[in-house]
Amino acid sequence: MGKLRRARLGVMGGSFNPIHLGHLFAADEVMHALSLEEIIFVTSPRPPFKEESEMLEAETRYLMVAMATATNPRFRVSRVEMDRPGTSYTVDTIEELRKKYPARSEFFFILGMDAARELASWKEPERLLELCSLAVVSRPGFSKRKAAEGLSPEGRELLGHQGVVFVESQGLDISSTEVRKRVKEGRPFRYLLPDPVARYIADRGIYR
Ligand code: NAP
């Protein structure tokens, strides 16, 4: 049976500025809910909609992702976007990953609700949905219909696509913006991040 089974792989893409426990918890929830074998964390050096000035150097963000995921044997990191010039478009990333893994592999790109509601403005979203499924981490009771409220007809259609699956999770209310703000203001941030990442940020004076 092993050889015939299609490998089910999660891809967690992000700016990870920095990676925090909310990202890791969401990845773990999706891995469990969708019976995925592993999750590949892809750091985006130049994500499409993010302000350049607030973005920490990509190699440092990537390093923190590697530290954060090191103790979970089912979490991997990929340099697929790090080593590609230009804007980090997800459709290009999934296409590249598909070439690196056995042809029968099935990919699930993991994203939060805010990111999912912006899908219509992504590069080639329809083609992205041909290449992978999208696993949207949503609050409990948040239906597809509710998630699509206020979106353009194209946005609604994309969220309604059969390749978009909602994974309900209570989630951890942590954001990278809040972490950076806390570090800058000298407020506690240690327990929002995996220990090695929190220590690295404190020791190197990152985000101060
Ligand atoms: P990020 O801020 O580092 O977040 C990474 C992912 O984690 C996002 O999907 C985010 O969803 C989710 N997340 C953050 N905090 C969470 C929490 N506490 N609980 C559960 N989920 C949480 O990364 P980003 O800058 O938004 O980028 C996300 C990915 O989308 C990247 O791979 C980027 O390259 C890609 N992207 C691609 C295109 C394109 O191809 N055109 C356009 C935009 C983004 P929420 O933001 O919804 O919280």
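Reader: What volume does the largest pocket have?
Author: The largest pocket has a volume of about 1,600 Å³, the volume being the space filled by probe spheres set on grid points joined across faces, edges and corners. Closest to its centre, out of 49 lining residues, are His23, Lys50, Gly112, Asp114 and Ala115. This is a predicted model, where local features need pLDDT of at least 70, side-chain atom pairs need 80 or more, and totals for chains, interfaces and linings use all residues. Residues are numbered from 1 along each chain as its sequence is written, and side-chain values use heavy atoms, without hydrogens or water.

Reader: What makes a space a pocket?
Author: On a 1 Å grid over the protein atoms alone, a pocket is an open set of points where a 1.4 Å probe fits, with protein on both sides within 12 Å along at least five of seven lines; lining residues have an atom within 4 Å of a point. By class, the lining here has 20 nonpolar, 19 polar and 10 charged residues.

Reader: Which residues are closest to the ligand?
Author: Ser15, Lys50, Asp114, Leu172 and Ile174 are the closest among the 26 residues that surround the ligand; a residue counts as near if one of its heavy atoms lies within 4 Å. The shell comprises 13 nonpolar, 10 polar and three charged residues.

Reader: Why is the pair between serine 15 and the ligand called a polar contact?
Author: A polar contact is a pair of N or O atoms within 3.5 Å. A polar side-chain atom of serine 15 lies 2.5 Å from an oxygen atom of the ligand, so this pair meets the cut-off. At 3.0 Å, a polar backbone atom of threonine 90 and an oxygen atom of the ligand meet it too. A polar backbone atom of lysine 123 is 3.0 Å from a nitrogen atom of the ligand. Of the 880 Å² that the ligand exposes when taken alone, the protein buries 86%, by the Shrake-Rupley method with a 1.4 Å probe.

Reader: Which pocket does the ligand take up?
Author: The ligand takes the space of the largest pocket; to sit in a pocket, a molecule needs more than half of its atoms within 2 Å of the grid points.

Reader: What is unusual about the peptide bond from asparagine 17 to proline 18?
Author: That bond is cis, with omega near 0°. Most peptide bonds are trans, and most residues other than glycine have a negative phi. Phenylalanine 16 has a positive phi, near 50°. Proline 18 is in the loop between S1 and H1, and so is phenylalanine 16.

Terms used
Polar contact = N/O pair within 3.5 Å; in protein donor to acceptor, adjacent residues only side chain to side chain. Nonpolar A, V, L, I, M, F, W, Y, C, P; charged D, E, K, R; others polar. Helix = DSSP H or I, 4+ residues; strand = E, 2+ residues; numbered from the N terminus.
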